[in-house]
Amino acid sequence: MQIPAELRERFARARRVLVLTGAGVSAESGVPTFRGGGNSAVWRGMPFDVISSAEMVERDLPAVWEWFDYRRNLLAELNPNPAHYEIARWQERFAEFTLVTQNVDGLHQKAGSRKMIELHGNIWRARCTACDTAYSMVQERRPDACFECGDLLRPDVVLFGEMLPPGAFELAAACASQCELCFVVGTSALVYPAAALPEIAKAAGAYVVEVNPERTPLSSLCDEVLTGKAGEVLPLFQR
Ligand code: APR
């Protein structure tokens, strides 16, 4: 695949760039996607969206932790792929770069991406159910209870039936309305409000580029659709 000349030219002169990623950017690292087939995850007989729900945190928090501990242990073995590394390089390349991810897997951070907007939280963090104090689990074991208030901890991940972290979408939307170039990488663009970000960018005049081996509901809105795997397509921008 060749990067089309107009896109290459816009990429070369862009200053304000936003990248929105979904599960597909981690597929080549071995993280199953949600809807890309093969991941109708069922845990102890419970469908994915039941065990990963706010209602389950109320009903059976230990079961929720068992499920997230299992996923975290799987992720611990996995590494970023060339798409994650290329995106990490872009934070140095562009004057105003914003990475917005729907992923909770921490692979962007592992590849060196620092400042990013995590729309759905992060599986490597725990959060107090009462005072919201957050605890990293990257190196540390999670505490049994909150050191600040003694209350129970839960995964710091947006569960089904929950709102996004306060201000996260608003900040992402503000960056989307300012960017010149918007990349949408590895998302089915079915889940809102995340899927609204490229629409906001487009409406504000940005050049929108989709990277996905399959077409999505967003493809017709894009100025450029690069059909392929993120780990193979994004490194082409280095050339
Ligand atoms: N490179 C790029 N895209 C890929 C690749 C790849 N190697 N492999 C698969 N894809 C694409 C699929 O074609 C699909 O369009 O990634 C997309 C994955 O879509 P989903 O599984 O729906 O994941 P995502 O869009 O991130 O889901 C959004 O839904 O379940 C919730 O909270 C969860 O964050 C998630 C949100």
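Helices and strands here are DSSP runs, numbered from the N terminus. With that naming in hand, the loop between β6 and β7 (134-136) is where D132 sits. The model is a predicted one, and in it D132 takes a positive phi of about 65 degrees despite not being a glycine. A second backbone oddity turns up at Y192 and P193, which are joined by a cis peptide bond with omega at about 10 degrees. Here the setting is again a loop, with P193 falling between β9 (181-185) and α8.

On to helix packing. Helix α7 (residues 168-176) and helix α8 (residues 196-203) have axes that come within 8 Å and cross at roughly 30 degrees. Angles under 35 degrees count as roughly parallel, so α7 ends up roughly parallel to α8. As for handedness, the crossing of α7 past α8 is right-handed. On the α7 side, the contact is built from F169, A172, A173 and A176, while α8 brings in A196, L197, I200 and A201. Sorted by class, this contact between α7 and α8 comes out as 8 nonpolar residues, with no polar and no charged ones.

Then there is the empty space. Searching the whole structure turns up 1 cavity of 30 Å³ or more. The volume of the largest cavity is about 30 Å³. Its lining is made up of T101, N103, V104, D105, G106, L107, H108, Q109, M116 and E118. The biggest contributor to that lining is helix α6 (residues 107-110), which gives 3 residues. In terms of chemistry, the lining of the largest cavity splits into 3 nonpolar, 5 polar and 2 charged residues.

Among the open sites, the second largest pocket holds about 290 Å³ of space. A set of 17 residues lines this pocket, and those nearest its centre are R127, D156, L164, P165 and P166. Two or more lining residues come from each of the strands β5 (117-118), β6 (121-128) and β8 (153-157). Strand β6 therefore shows up twice in this account, as a source of lining residues for the second largest pocket and as one end of the loop that carries D132. By class, the lining of the second largest pocket has 9 nonpolar residues, 7 charged and 1 polar. For the largest cavity, the corresponding counts are 3 nonpolar, 2 charged and 5 polar.

Conventions
Residues numbered from 1 in each chain as written. Predicted model: local features only at pLDDT ≥ 70, side-chain atom pairs only at ≥ 80, totals over all residues. Heavy atoms only, no water. 1 Å grid on protein atoms, 1.4 Å probe; cavity = no way out; pocket = protein on both sides within 12 Å on 5 of 7 lines; lining within 4 Å. Points joined across faces, edges and corners; volume = space filled by probe spheres on them. Helix = DSSP H or I, 4+ residues; strand = E, 2+ residues; numbered from the N terminus. Nonpolar A, V, L, I, M, F, W, Y, C, P; charged D, E, K, R; others polar. Axes fitted to C-alpha atoms, helices over the stretch in contact; angles between N-to-C directions. Parallel < 35°, antiparallel > 145°, perpendicular 65-115°, else oblique. Left-handed = near helix turned anticlockwise from the far one by under 90°. Contact = heavy atoms within 4.5 Å.
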